[in-house]
Amino acid sequence: RKNANANGTAAATAAVATARRALEMSPTEYSLRALGWALAFSGDYQTLEAELSARETTLTPVLRYALAHARAAQGRRAEALRMLDAMAKNAPDDEARRDVRLVRAQLFAGDGDAAGVWAEAKALLFVDPRRAGLLAPYLAWLGDLEHARNVLGRIIGLKRPTMRSMALPA
């Protein structure tokens, strides 16, 4: 096991170094994403935040989500959620607002907040039932099997929920 951990650490370090070289050679969003993934997988959220914060004004939504994740992973969940709230407020369309809901739900899942995940899933069921289905495993993992079944039941038939159908007994 000790050797496996050493190999994993060496691989993560090599991945970060390779991604940095790629970004230097070709400073594109794709290369920055690669560096972001390598830093996240290595667990170096402080460096990930520094890299993305330095470019914050030019980041695409996907890289802004990664920045929010880096902040949340360092224990600054409220800051990450405020950042996502601002993104939702300034979102150019419904698709962008939908994506923010998915990322918010993932942050809530990381906090063990089943109610937060359910709130996001419920809102998504009205605009994109298939994407809401992505949140069912989080709900199940958090022990909220009733709502996980509810989400899956809605997407199996791809029926859009109504306000009446979403009212569950307390």
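Here are some short exercises on this structure, each with a worked solution.

Before you start, note that this is a predicted model, where local features need pLDDT of at least 70, side-chain atom pairs count only at pLDDT 80 or more, and totals for chains, interfaces and linings use all residues. Residues are numbered from 1 along each chain as its sequence is written, and side-chain values use heavy atoms, with hydrogens and water left out.

**Exercise 1: the overall fold**

Work out how many helices and strands the protein chain has, and what share of its residues is buried.

Solution. Start with the secondary structure: helices (H or I, at least four residues) and strands (E, at least two) are DSSP runs, numbered from the N terminus. By that count the protein chain has 11 helices and zero strands. Next comes burial, where buried means under 20% relative accessible area, exposed over 50%, and partly exposed in between (1.4 Å probe, protein chains only). Of the 170 residues, 37% count as buried. Last, look at contacts, meaning heavy atoms within 4.5 Å. Take those with a separation of 6 or more: 43% of them join residues 24 or more positions apart.

**Exercise 2: checking helix H4**

Test the span of helix H4 (residues 61-73) against 1.5 Å a residue, then find which of its residues are buried.

Solution. The expected span of a helix is 1.5 Å times one less than its number of residues. H4 has 13 residues, so it should span 18 Å, and its end C-alpha atoms are indeed 18 Å apart. For burial, the list is Leu 63, Tyr 65, Leu 67, Ala 68, Ala 70, Arg 71 and Ala 72. Their cover includes helix H2 (29-42), helix H3 (45-53), helix H5 (77-89) and helix H6 (94-110). Now zoom in on Ala 72, which has a relative accessible area of 4%. Leaving aside neighbours within four places in sequence, Ala 72 is in contact with Arg 77, Ala 80 and Leu 107. Its C-alpha sits 9.2 Å from that of Tyr 45, although the two are 27 residues apart in sequence. After the helix comes Gly 75, with a positive phi near 90°.

**Exercise 3: checking helix H6**

Do the span check for H6, then describe its start and what follows its end.

Solution. H6 has 17 residues and reaches 25 Å from first C-alpha to last, close to the 24 Å expected. At its start, a side-chain oxygen of Asp 93 comes to within 3.2 Å of the backbone nitrogen of Glu 95. At the other end, H6 is followed by Gly 112, whose phi is positive, near 75°. The buried residues of H6 include Arg 98, Arg 104 and Phe 108, and the cover over the buried set includes H4, H5, H7, H8 and helix H9 (136-141). Phe 108 has 11% relative accessibility. Not counting residues up to four places away in sequence, Phe 108 touches Leu 81, Asp 113, Gly 116, Val 117 and Glu 120.

**Exercise 4: two pockets**

Compare the volumes and lining chemistry of the largest and second largest pockets.

Solution. A pocket is found on a 1 Å grid over the protein atoms alone: it is an open set of points where a 1.4 Å probe fits, with protein on both sides within 12 Å along at least five of seven lines, and lining residues have an atom within 4 Å of a point. The largest pocket has a volume of about 660 Å³, and the second largest about 180 Å³; a volume is the space filled by probe spheres set on the points, which are joined across faces, edges and corners.

Then sort the linings, counting Ala, Val, Leu, Ile, Met, Phe, Trp, Tyr, Cys and Pro as nonpolar, Asp, Glu, Lys and Arg as charged, and the others, Gly among them, as polar.

- Largest pocket: 26 lining residues, with Val 62, Tyr 65, Ala 66, His 69 and Val 103 nearest its centre. The lining divides into 18 nonpolar, five polar and three charged.
- Second largest pocket: four nonpolar, no polar and seven charged. H6 gives the most to this lining, with six residues.

**Exercise 5: a buried aspartate**

Find the side chain that makes a polar contact with the side chain of Asp 128.

Solution. First place Asp 128: it lies in the loop between H7 and helix H8 (129-132). Its relative accessible area is 16%, so Asp 128 is buried. The partner is the side chain of Arg 98, at 3.0 Å. A polar contact is a pair of N or O atoms within 3.5 Å; within protein, one must be able to donate a hydrogen and the other to accept it, and residues adjacent in sequence count only if both atoms are side-chain atoms. Arg 98 also appears in the lining of the second largest pocket.
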